[in-house]
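Trainee: Could you help me take a close look at one part of this protein? I would like to start with a single residue and then see how its surroundings fit in.

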Amino acid sequence: MKKLLSAVAAATILAGSAIAADVQSNAGAKIVAPLQISNVTALYFGTVAPSTSAADTVVVDAAGNKTCGAELTCLTSDHTAAQFSVSGDPERAYTIDLPSTISISNGNGGNMTVNSFAGSKASGTLSTGGTDTFDVGGTLNVAANQATGEYTGTFTVTVEYQ
């Protein structure tokens, strides 16, 4: 019996050490510069006289070119596409997300929509210095007899590392 207990104890000790093993692994991470965006120039459609009978649109494209609909009179040439500056980790790719539609108002109950936002690019790559720029245009929808006033509003542009 004593021999049997010794054999069982020896087998238990051997089996326990045979199934246990240890190993170490490395852990790490790389942190990149946060992606940042700033607005350099606002999207501006200039001064427009609406039609008394029909709605129409004013388009400022991403290159800054303006097209005034036939029903409207565009009175000034001070229009601008919006420009944005991006900074972050050098030579990293990023995507650009634009809104679909926003509303701008004159503060007295008059509203217009801006839609069809279009960028000079859908994505970009930061330079070796970690910077880049892009431009954004859109379409202003002007109603017949649109209320007068200085219309303002905001829109959000989002950039994200790829």
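Is D89 buried or exposed?

Mentor: Happy to walk you through it, and please keep in mind that this is a predicted model. D89 is buried, because its relative accessible area is 15% and the cut-off for buried is under 20%.

Let us place this residue first. D89 sits in a loop, the one that runs between β6 (82-87) and β7 (93-97). Its side chain makes a polar contact with the side chain of R92, at 2.7 Å. Now look beyond the sequence neighbours: leaving out residues up to four places away, D89 touches V32, A33, L126, G130 and Y161. You can also compare it with T125, which is 36 residues away along the chain, while the two C-alpha atoms are 9.8 Å apart.

It helps to step back to the whole chain for a moment. The secondary structure consists of one helix and 12 strands, and reading along the sequence you meet them in the pattern α-β-β-β-β-β-β-β-β-β-β-β-β. Of the 162 residues, 26% count as buried, and D89 is one of the buried residues. Contacts across the sequence show up in the chain as a whole too: among contacts between residues at least 6 apart in sequence, 71% join residues at least 24 apart.

For a second example, try another aspartate, D56, which is found in strand β3 (residues 56-60). D56 counts as buried as well, because its relative accessibility is 18%, under the 20% cut-off. Its side chain reaches the backbone nitrogen of A70 at 3.0 Å. Setting aside neighbours within four places in sequence, D56 is in contact with G69, A70, E71, L72, L140, N141 and V142. Take V142 from that list: it lies 86 residues from D56 in sequence, yet the C-alpha atoms of the pair are 5.5 Å apart.

Next, find the two cysteines C68 and C74. They form a disulfide, with their sulfur atoms 2.1 Å apart, and the count for the structure is one disulfide. In general, a disulfide is a covalent bond between the sulfur atoms of two cysteines. The link between C68 and C74 is right-handed, with 95° about the S-S bond. C68 is partly exposed, because its relative accessibility is 26%. C74 is partly exposed too, with a relative accessible area of 24%.

Finally, let us return to β6, one of the two strands that flank the loop of D89. The largest pocket has a volume of about 580 Å³. Its lining is made by 28 residues, and the closest to the centre are Y44, G46, I104, M112 and Y151. The elements that give two or more residues to this lining are β1 (36-41), β6, β8 (101-105), β9 (111-119) and β11 (131-142). Of these, β9 supplies the largest share, three residues. By type, the lining divides into 18 nonpolar residues, nine polar and one charged.

So, to retrace the path on your screen, start at D89 in its loop, move to D56 in β3, look at the disulfide of C68 and C74, and end at the largest pocket, where β6 is among the contributing strands.

Note on methods. Residues numbered from 1 in each chain as written. Predicted model: local features only at pLDDT ≥ 70, side-chain atom pairs only at ≥ 80, totals over all residues. Heavy atoms only, no water. Helix = DSSP H or I, 4+ residues; strand = E, 2+ residues; numbered from the N terminus. Buried < 20%, exposed > 50% of the residue type's maximum accessible area, 1.4 Å probe, protein only. Contact = heavy atoms within 4.5 Å. Polar contact = N/O pair within 3.5 Å; in protein donor to acceptor, adjacent residues only side chain to side chain. 1 Å grid on protein atoms, 1.4 Å probe; cavity = no way out; pocket = protein on both sides within 12 Å on 5 of 7 lines; lining within 4 Å. Points joined across faces, edges and corners; volume = space filled by probe spheres on them. Nonpolar A, V, L, I, M, F, W, Y, C, P; charged D, E, K, R; others polar. Disulfide = S-S within 2.5 Å.
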